[in-house]
Amino acid sequence: MKQNIIYLSVICIALSMILICVPVMAEGEGGGDGSGMGGGGNTDIASVSSGLLSLQYILGGLVALAGLILLKTTKINWNIRILLMCAVFILFGVLVVMHQPSPLRTVVDPVTALIIGSTITIKKITALIFIGSLSVIGAKLFCGWVCPFGALQEIINRIPAPTGKKIKLPFNISNSIRISIFSISLIMVLATGSDLYTYHNILNPFELFDWHFELVLSVLVGTILIASLFVYRPFCYLVCPVGLLSWLLEHISIFRVRIIQDLCNNCNKCIRVAPCPSVKAIVNGDTLQPDCFACGVCIDACPTDALKFGIRKPRYKQNKSDK
Ligand code: SF4
Ligand code: SF4
């Protein structure tokens, strides 16, 4: 109980700090990134709040809520999931009117602004708060349920691989690559004022949704999409800074996949059917857990209902470990 109070207090303080501090960094004008996203020209919390009440965020929040309800009530399966991923891709990727600022820039720009002392737009601040809040409420509720590029990779991953076998990347390697890319980007900001993600938009596939098909980017996106046939969400695990941020936030997410050890019969069915490297770490109770994109496949597969998208460890598991 005491632990939960500390845990929730840390979350509340972190969220309050984001809400109070981040708008201070925002520039006085709405600024444009071509997204058409809401957000006004003021630097106060009211303009962030009004941005969050725009159609894109309301719909994004509703989709995430639907995902949370499906996961909580264990009403999710691969068919429902892929149908919803198609809807997310069309809604937030194809329909220009629903575009949010690029999630990638939403994370990279504030870091860049902190390093070189520049300002960022209210739109990106609003998007950052949206992504951060969803990720704290439920593990990867943004990445797993709202991001159109994540949805596209997941849809492709459902196509049977020509080799008949999917690959699960070792997390320590994929995460090291992701952290290295982010670190190199920060060094580039210090050295040149431009980061790796904006440098000719080499690593920003979200440009795709604005119909910016530059050669290098097109080759990169094509490679990622082909790789998605074999590997679950390769861009998320290997490159995306939003993936990195939301992975960190997963550690304080209120809802996430949890195992009830007393119900687990060690059949490993969840590990066999899951597309990710995460469920094995969850079942084994590993300290370092790879990103879980809240797809619900492991929850649906478990024959004994030992996996839940829950709020905390069931009490009887805690009692067992207390013995
Ligand atoms: S990690 Fe994946 S799902 Fe999340 S923002 Fe990046 S591309 Fe989208
Ligand atoms: S652990 Fe893997 S299979 Fe289970 S919900 Fe998370 S991403 Fe999906």
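These legends accompany four close-up views of a predicted model.

**View 1. The largest nonpolar core of the predicted model.** This core counts 69 residues. Those touching the most other members are V88, F142, V146, A294, C298, I299 and L307. Helix α6, spanning residues 122–137, contributes the most, with nine residues. As a general backdrop, nonpolar side chains in soluble globular proteins tend to be buried together.

**View 2. L307 and the residues it touches.** Let us zoom in on one of the core residues that touch the most other members, L307. Leaving aside residues up to four places away in sequence, L307 touches V257, I259 and C270, together with C298, I299 and C302.

**View 3. The shell around ligand 2.** Here 13 residues surround ligand 2, and A274, C276, C292, C295 and C298 come nearest. C298 may look familiar, as it is also among the core residues that touch the most other members. Helices α14 (278–284) and α15 (297–301) each provide at least two shell residues, and α14 gives the most, with three. Sorted by class, the shell holds eleven nonpolar and two polar residues, but no charged ones.

**View 4. Confidence along the protein.** Mean pLDDT is 82, with 81% of residues reaching 70 or more. Confidence peaks in helix α11 (residues 234–238) at a mean of 97 and is lowest in helix α16 (residues 315–322) at 45. Two stretches deserve a careful look. Over residues 1–7, pLDDT stays under 50, and the model has one contact beyond four places in sequence for them. Residues 19–42 also stay under 50, and for these the model has 64 such contacts. Where pLDDT is low, please do not read the predicted coordinates in detail.

Methods:
Residues are numbered from 1 along each chain as its sequence is written. Chains are lettered from A and ligands numbered from 1 in the order in which they are written. This is a predicted model: local features need pLDDT of at least 70, side-chain atom pairs count only at pLDDT 80 or more; totals for chains, interfaces and linings use all residues. A nonpolar core is a set of buried Ala, Val, Leu, Ile, Met, Phe, Trp, Tyr and Cys residues joined through C-beta atoms within 7 Å. A residue is buried if 20 or more other C-beta atoms lie within 10 Å of its own, exposed if 12 or fewer, and partly exposed in between; C-beta atoms are placed from the backbone. Helices (H or I, at least four residues) and strands (E, at least two) are DSSP runs, numbered from the N terminus. Two residues are in contact if their C-beta atoms, placed from the backbone, lie within 7 Å. pLDDT is the predictor's confidence in each residue, from 0 to 100. A residue is near a molecule or strand if its C-beta atom, placed from the backbone, lies within 6 Å of it. Ala, Val, Leu, Ile, Met, Phe, Trp, Tyr, Cys and Pro count as nonpolar, Asp, Glu, Lys and Arg as charged, and the others, Gly among them, as polar.
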